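Welcome, and please get your viewer ready for a short walk through some charged side chains. Show side chains as sticks and keep the cartoon on.

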Amino acid sequence: PTGEPLLDAALTEIGRARAHDPGHWIRHLGRGAHHRVQDHLVDLGVLEREDGRILRFIPVHRTREADGRLHHELVDHLHDAVVLGHPPSSESAALAGLALAVGLDRHLFPRTDHRAVRQRMMEVAAECRAAAWITTSISAAVNALDAGLGVLPGSTTYL
């Protein structure tokens with residue numbers, strides 16, 4: 001057990017089931033996970049929930065960061081590992097893998113050589129086995145979603 005209710009529930013489910021590939025678990029455990037994770041982050045105080053109405057009739061529910069410290073801390077750790085060459089923590093390696101999988105590298109490092117940044121992010125992600133699993137699984141899920149939506153690989157252009 002990790003002490004995190006969402007992770008412990010996922011680990012219990014994985015432990016009880018027969019063996020599946022990582023893609024299966026992303027699809028299976030991902031259903032409804034967005035709202036559970038969001039609620040958990042609101043409970044922890046990382047996110048704030050704003051409920052309101054548009055035109056007094058249409059309910060709108062938004063969440064945003066309570067403060068930007070966590071975001072800046074994560075980006076700073078990733079910057080240290082990717083740009084400055086510091087040894088990455090497992091969290092930074094996993095974040096590098098996730099950022100690569102969903103194409104955030106250009107947004108996180110907009111003023112640098114994109115090819116060199118991608119290469120270094122791949123090296124950082126490869127330093128952690130968990131990050132390699134995340135990168136492979138999320139890349140496959142994103143590619144499957146893009147294919148379903150008709151998005152050309154590596155772009156936001158629709159077929």
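## Stop one: a pair within a helix

Select Arg 120 and Glu 123: the two form a salt bridge, with their closest N and O atoms 3.4 Å apart. Keep in mind as you look that this is a predicted model. Both residues sit in helix α7, three residues apart, so about one helical turn separates them.

Now switch on the surface and compare the partners. Which of them is buried, and which partly exposed? Arg 120 is the buried one, because its relative accessible area of 17% falls under the 20% cut-off. Glu 123 counts as partly exposed at 37% relative accessibility.

## Stop two: around Arg 120

Stay on Arg 120 and colour helix α7, which covers residues 114-126. What does Arg 120 touch, leaving aside residues up to four places away in sequence? Select Ala 81, Val 82, Gly 85, His 86 and Glu 127, and you have that set of contacts on screen.

## Stop three: from helix α6 to helix α7

Remain with helix α7, but move to Arg 118 and add Asp 105 to the selection. These two residues form a salt bridge, and the closest N and O atoms are 3.2 Å apart. Asp 105 belongs to helix α6 (residues 105-108) and Arg 118 to helix α7, so this pair ties together parts that are 13 residues apart in sequence.

Bring the surface back for a moment. Asp 105 is buried, with 4% relative accessibility, while Arg 118 is partly exposed at 33%.

## Stop four: across two strands

Next, leave the helices and select Arg 64 together with Glu 50. Here too there is a salt bridge, with 2.4 Å between the closest N and O atoms. Where do the partners lie? Glu 50 is in strand β1 (residues 47-54) and Arg 64 in strand β2 (residues 58-65), so the bridge links parts 14 residues apart in sequence.

How accessible is each of these residues? Arg 64 has a relative accessible area of 48%, which makes this residue partly exposed. Glu 50, at 29%, is partly exposed as well.

## Before you close the viewer

How many salt bridges does the model hold by the rule used here? The count comes to five. Among them are the pairs you have just visited: Arg 120 with Glu 123, Asp 105 with Arg 118, and Arg 64 with Glu 50.

Key: Residues are numbered from 1 along each chain as its sequence is written. This is a predicted model: local features need pLDDT of at least 70, side-chain atom pairs count only at pLDDT 80 or more; totals for chains, interfaces and linings use all residues. Side-chain values use heavy atoms; hydrogens and water are left out. Helices (H or I, at least four residues) and strands (E, at least two) are DSSP runs, numbered from the N terminus. Buried means under 20% relative accessible area, exposed over 50%, partly exposed in between (1.4 Å probe, protein chains only). Contact means heavy atoms within 4.5 Å. A salt bridge is a side-chain nitrogen of Lys or Arg within 4 Å of a carboxyl oxygen of Asp or Glu.
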